[in-house]
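Dear colleague,

I am handing over a structure that you have not yet worked with, and my notes on what was found in it follow below. Please read them with the sequence and the 3D view open beside you.

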Amino acid sequence: MAEDILKIVNISKSFGNVNAVSCLNINVKEGEIYGFLGPNGAGKTTTLRICSGILKPDQGYVEIDGKEVGLDKVEFRKSMAYIPDRPYLYEKLTGWEYLNLISEIRGIINWEGKADYYLDFFELRDSINRLIEGYSHGMKQKLVIVSSILHSPKLLLIDEPMVGLDPKSSRKVRELFKKISSQGTALILSTHSLGVAEELSNKIGIINKGKLVAEGTMEELIEKSKTTDKDLETVFLKLTEESENG
Ligand SMILES: Nc1ncnc2c1ncn2[C@@H]1O[C@H](COP(=O)(O)OP(=O)(O)OP(=O)(O)O)[C@@H](O)[C@H]1O
Ligand SMILES: [Mg+2]
């Protein structure tokens, strides 16, 4: 049986009177890609930020590879990486210097070969010795993705990875996600691209107003939504609307 790499246990988080996340429970297993869907403001980014240790939940806790996530803890970070919805990078470094810095921080040795491989894969080779401030959005996003896998994480937390990527780059990113999941990495992926979710996910969770309103395989969600249309868009809209109506 595959192990749960990510365990989100009953987390809640409010901002003032907004309940961004309410009593949320999600498990993601080794080698699984969990598609995390929900309308704008549903609580996806808040959930992923709590999992990455950037934000503290008001209630509940998260475990990554058996280690509890905490703002001041280090252990859990060794087995994970977080790819945020906007790439924050050190603009005055070159791409290569950035990868070097991340590897130093994470204590990874012999990362250069793997970095070279993925820089070729993403066609970043020609730009890698230029300053990041001159990179396009997509180039920055691809650099962040390369930097996040150098330490072979057991879990990747990914927020909106395809935004701003051209079709070829988007396909390469999807290829990469499938490859690392087949090697055992667990992925939780928030996206508004239902096509991407359907293509990649073994399991899909739909969140609305901070609460998980449906979870399962594509077949299970079709069954639950009782629609005759077998596309994720119809299923998604039906399940989201039903949750609104009580
Ligand atoms: N730092 C913050 N301060 C105040 N409110 C916040 C903060 N972060 C999130 N929220 C609120 O929490 C709710 C959930 O936001 P969140 O960013 O998690 O949604 P999301 O599902 O990622 O949405 P999107 O699909 O638009 O990215 C929203 O109502 C948002 O306004
Ligand atoms: Mg978001």
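Helices, here runs of at least four residues, and strands, runs of at least two, are taken from DSSP and numbered from the N terminus. Please keep in mind throughout that this is a predicted model.

I begin with the ligand. The residues around ligand 1 are Phe15, Val18, Ala20, Gly38, Asn40, Gly41, Ala42, Gly43, Lys44, Thr45 and Thr46. Two or more residues of this shell come from each of strand 2 (18–29) and helix 1 (44–52), and helix 1 gives the most, with three residues. By character, the shell around ligand 1 divides into four nonpolar residues, six polar and one charged.

Strand 2 also belongs to an open sheet, in which four strands follow the order 2-1-4-5 with antiparallel pairing. Strand 2 and strand 5 (67–68) stand at the edges of this sheet and have a single partner strand each, so one side of each is left without a neighbour in the sheet. The pairing of strand 2 with strand 1 (residues 4–15) is antiparallel and runs over eight bridges; within strand 2, leucine 24 is the bridge partner of isoleucine 11.

The other element I would point out is helix 8 (residues 232–244), which has 13 residues and reaches 18 Å from its first C-alpha to its last, close to the 18 Å expected at 1.5 Å a residue. Its buried residues are Leu232, Val235, Phe236, Leu239 and Thr240. Seen down the axis of helix 8, these buried residues fall within an arc of 120°, so they line one face of the helix, whereas Glu233, Glu241 and Glu244 are exposed on the other side. The buried residues of helix 8 pack against strand 3 (33–37), helix 6 (194–200), strand 9 (203–208), strand 10 (211–216) and helix 7 (218–225).

Helix 7 is where lysine 224 is found. Is lysine 224 buried or exposed? Neither label fits entirely, because lysine 224 has 17 C-beta neighbours inside 10 Å and so counts as partly exposed. Leaving aside its neighbours within four places in sequence, lysine 224 is in contact with Ala214, Gly216 and Leu239, and Leu239 is one of the buried residues of helix 8. Lysine 224 and valine 235 are 11 residues apart in sequence, and their C-alpha atoms are 8.6 Å apart in space.

With best wishes

Note on methods: Residues numbered from 1 in each chain as written. Chains lettered and ligands numbered in written order. Predicted model: local features only at pLDDT ≥ 70, side-chain atom pairs only at ≥ 80, totals over all residues. Near = placed C-beta within 6 Å. Nonpolar A, V, L, I, M, F, W, Y, C, P; charged D, E, K, R; others polar. Expected span 1.5 Å × (residues − 1). Buried ≥ 20, exposed ≤ 12 C-beta atoms within 10 Å, placed from the backbone. Arc of directions from axis to C-beta. Contact = placed C-beta atoms within 7 Å. Pairing = 2+ DSSP bridges.
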